[in-house]
Amino acid sequence: MIEFEVTVVNRAGLHTRPAATLVKLTSKYKSLVFIEKDGMRINGKSIIGVMTLAAELGSTLSFEIDGIDENDMAAEIKELFKSGFGEPI
Amino acid sequence: MVNHRISGIAISKGIVIGKVKRLDFDKNQSELRALKVFDSEIEKAKFAFAKKSLIFDSERIIEKYKHKEKIKSIIESELMFLQDEELTNGVNDLINKGNRCEIAIEEFFANYIELISNNGNSLSKIKVNDIQFLKHKLIQDINDVENDYSEVKNRIIITSLLDTDEILKIHENGAIGFATEYGSNLSHSSIISRSLNIPAVFGVNSLLGLVKNNDEIIIDGYLGNIIINPDNKTRIQYKNKQTQAEEELKSYQDYKDSHVRNKNGAKIKFYSNINNMIDLENTLINNADGIGLVRTENLVHEIEEIFEEDIQFDIYNRISESIYPKTVTFRLFDFGYDKLNLNDEKEDNPALGLRGVRYLLKNKHILETQLNALIKASINGNVKLLIPMVTFTEEVIEIKKIVAKVSNELNIQMPRIGTMVETPSAAALIKHIVKESDFISIGTNDLMQYFFAADRNNEHVKEYLDYSVESFIHLLSKIKKVCNKNDKELVICGQIASDEESLMLLVNKGFQSFSVIPARILFLKKTLLQ
């Protein structure tokens with residue numbers, strides 16, 4: 001199992017489209033993924049869950065990934081957040 | 001509740017007074033609860049079936065629009081929502097507790113919306129809108145055959161939101177106006193409402209909580225207001241307004257093609273100010289000489305749109321194509337103060353705060369996204385840009401540099417750039433500013449409030465905001481002199497140009513270009529010609 005934190009850097013935050021991009025990514029992998037923010041813990045493969053986080057610019061999300069392809073998923077998630085989901089930063 | 005007034009987004013112009021027919025596509029809940037026979041397996045199957053048919057629809061749309069990234073990605077996120085296990089499990093749990101499928105869906109979404117609204121940031125507004133749409137679709141799918149349009153004749157329809165099919169059906173059955181809780185100026189539904197000429201206001205918060213069946217209601221599609229249970233006085237006032245609007249429109253039509261000239265024989269130009277798509281339509285109907293001011297910040301209703309270049313481009317392009325070959329001046333976002341305020345910190349004095357070009361230069365990502373969209377739309381060749389709230393010449397120079405950079409990257413010729421003079425400082429610096437600008441536009445509303453140090457939203461100081469005071473007219477004439485000398489066009493914007501007496505005064509002083517609300521143009525032409 002691996003744990004790490006990422007910060008939301010795109011100006012518009014984790015609105016519908018980035019949330020969908022994230023869920024599309026996590027769903028490709030076999031590993032389980034949970035995301036925690038301000039004491040709320042959700043399934044990282046659920047768009048309903050991700051949108052509940054209402055993550056704005058500057059907020060920090062803690063990831064917990066567990067499974068055979070956890071390293072690949074983690075790397076891809078970090079890259080996605082760093083790039084600001086391809087949106088204005 | 002008598003004479004209760006609420007406002008939304010003006011979608012389709014016209015005034016209509018009538019009795020309300022609510023369309024609760026979400027079906028009467030108490031009626032459902034009262035039904036005795038209940039089989040949770042049947043309810044779950046109903047839900048699964050509705051979900052399946054929506055998933056099928058979504059997949060079809062994605063296939064159809066596979067080359068349109070924007071549409072595709074919106075539908076894709078809807079699809080993910082429908083396929084989400086949390087949705088299936090959540091609704092099925094509620095059904096297992098003895099709720100009918102519609103009620104279970106209603107409750108699941110209500111809980112979810114409450115949860116994300118409690119997180120209460122600027123994102124929640126966008127999400128709630130998306131989610132309401134989905135709920136609406138699901139429940140409608142379940143109730144599909146049961147929608148009843150038989151009672152809509154001569155009624156004003158109040159509902160959560162309307163899609164294009166519903167609008168057409170309701171129209172065929174004789175409804176006279178609509179108001180909805182959700183929806184935006186750019187939706188297909190709004191375009192259809194305008195083309196059917198039915199007064200409509202969308203996006204009215206908590207509308208369904210305030211209006212009952214058979215309430216009397218007024219829809220003012222010009223201003224985006226609705227008035228619930230108007231008293232006699234208000235009713236008469238609006239009836240007059242309605243007749244007046246219709247008659248005026250007829251009586252001014254004769255002036256549509258006539259030209260107004262000043263004593264030296266120069267043509268007086270009337271451009272239009274645009275806040276929404278209705279204004280665009282009125283600009284064309286009233287044969288304006290072009291669009292003198294697009295308040296771009298009023299065209300975006302959702303925070304997401306500010307960050308979406310494609311959405312902005314669609315709007316700007318539609319406007320510039322419609323008015324071609326006449327020109328259109330887009331004012332860059334004027335956020336802050338009494339307009340859409342994105343500032344994180346509360347300001348004690350927003351009128352003197354971070355607004356207009358000040359905000360844009362501190363938030364260059366927003367500026368550049370907008371410029372990308374505007375410059376792409378400028379390929380039509382009739383687009384000009386206008387910089388709001390300039391204080392110093394350096395701000396004009398800096399914006400021009402950024403415009404040049406973006407134009408260069410896009411390999412499109414740089415559009416003409418004008419300065420909006422609305423601070424006394426810019427007026428004092430006009431000699432320098434005019435050299436850096438392709439044209440000058442005076443924002444008289446703001447210039448007056450800063451010149452006289454009198455808040456334009458404060459009733460108690462309104463006598464200080466007098467258009468005809470010599471000192472103010474003198475200031476305008478000084479700006480005109482400098483513009484004439486440098487051979488740059490000067491356009492007068494703001495209330496002063498809509499006021500017939502001030503307008504006559506300005507025309508006599510030699511001002512030639514005015515930008516006013518489009519519905520006022522023919523009236524002003526008529527006044528000047530008489």
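In chain B of this predicted model, 66% of the contacts between residues at least 6 apart in sequence join residues at least 24 apart. Chain B has 530 residues, of which 40% count as buried. Its secondary structure comes to 22 helices and 17 strands.

**Stop 1: the largest nonpolar core**

Select B:Val201, B:Ile226, B:Leu374, B:Ile387, B:Ile479 and B:Ile492. In the largest nonpolar core, which has 104 residues, these six touch the most other members. Then add helix α15 of chain B, residues 364-377: the helix gives this core its largest share, 6 residues. Centre the view on B:Leu374 and leave aside residues up to four places away in sequence; B:Leu374 then touches B:Tyr316, B:Phe330, B:Val383 and B:Leu385. In general, nonpolar side chains of soluble globular proteins tend to be buried together.

A second core, separate from this one, has 41 residues. To find the second core, select A:Val8, A:Ile48, B:Cys101 and B:Phe108, which are among its members.

**Stop 2: helix α21 of chain B**

Select residues 500-508 of chain B, which form helix α21. Which residues of this helix are buried? They are B:Ser502, B:Leu503, B:Leu506 and B:Val507. Look down the axis of α21(B): the buried residues fall within an arc of 135°, so they line one face of the helix. The general background is that an α-helix has 3.6 residues a turn, so residues three or four places apart point the same way.

Next show what covers the buried residues of α21(B). The cover includes strands β10 (267-274), β16 (489-493) and β17 (513-516), together with helix α22 (521-529), of chain B. Turn to the face that points away from the buried side, and the exposed residues there are B:Glu501 and B:Asn508.

Stay on B:Asn508, which belongs to helix α21 of chain B. Why does B:Asn508 count as exposed? B:Asn508 has 10 other C-beta atoms within 10 Å, and a residue is exposed if that count is 12 or fewer. Now add B:Asn262 to the selection. B:Asn262 and B:Asn508 are 246 residues apart in sequence, and their C-alpha atoms are 7.3 Å apart in space. Past the helix, pick B:Gly510, which follows α21(B) and has a positive phi near 100°.

**Stop 3: the sheet of chain A**

Move to chain A, where the mean pLDDT is 89 and 98% of the residues reach 70 or more. Among the elements of chain A, strand β4 (residues 60-66) has the highest mean pLDDT, 95, and helix α2 (residues 47-52) the lowest, 86.

Display the four strands in the order β1-β4-β2-β3; they make up an open sheet with antiparallel pairing. β1 and β3 (40-43) of chain A are at the edges with a single partner strand each, so one side of each is left without a neighbour in the sheet. From one strand to the next, the twist averages 25°.

Select β1 (residues 2-7) of chain A. How many of its 6 residues are buried? The count is 0, and the strand is hardly covered. β1(A) runs antiparallel to β4(A), and 6 bridges join the two. Strand β2 (residues 32-37) of chain A is also antiparallel to β4(A), with 5 bridges between them.

A:Glu64 in β4(A) links these two pairings in one view. A:Glu64 is the bridge partner of A:Glu3, and A:Phe34 stands opposite A:Glu64 as well.

Finally add helix α3 of chain A, residues 70-82. Helix α3 lies across β1, β2 and β4 of chain A and runs at about 10° to β1(A).

**Stop 4: backbone details in the loops of chain B**

- Select B:Tyr324 and B:Pro325, which are joined by a cis peptide bond with omega about 5°. B:Pro325 sits in the loop between α13 (309-323) and β12 (328-331) of chain B.
- Select B:Asn229, a residue other than glycine with a positive phi near 45°. The loop that holds B:Asn229 is between β8 (225-228) and α10 (232-252) of chain B. B:Asn229 counts as partly exposed, with 18 C-beta neighbours inside 10 Å.
- Select B:Asn287, which is not a glycine but has a positive phi of about 55°. B:Asn287 is in the loop between α11 (277-285) and β11 (291-295) of chain B. With 18 other C-beta atoms within 10 Å, B:Asn287 is partly exposed.

Key: Residues numbered from 1 in each chain as written. Chains lettered and ligands numbered in written order. Predicted model: local features only at pLDDT ≥ 70, side-chain atom pairs only at ≥ 80, totals over all residues. pLDDT = per-residue confidence, 0-100. Buried ≥ 20, exposed ≤ 12 C-beta atoms within 10 Å, placed from the backbone. Arc of directions from axis to C-beta. Contact = placed C-beta atoms within 7 Å. Pairing = 2+ DSSP bridges. Core = buried A, V, L, I, M, F, W, Y, C linked by C-beta atoms within 7 Å. Axes fitted to C-alpha atoms, helices over the stretch in contact; angles between N-to-C directions.
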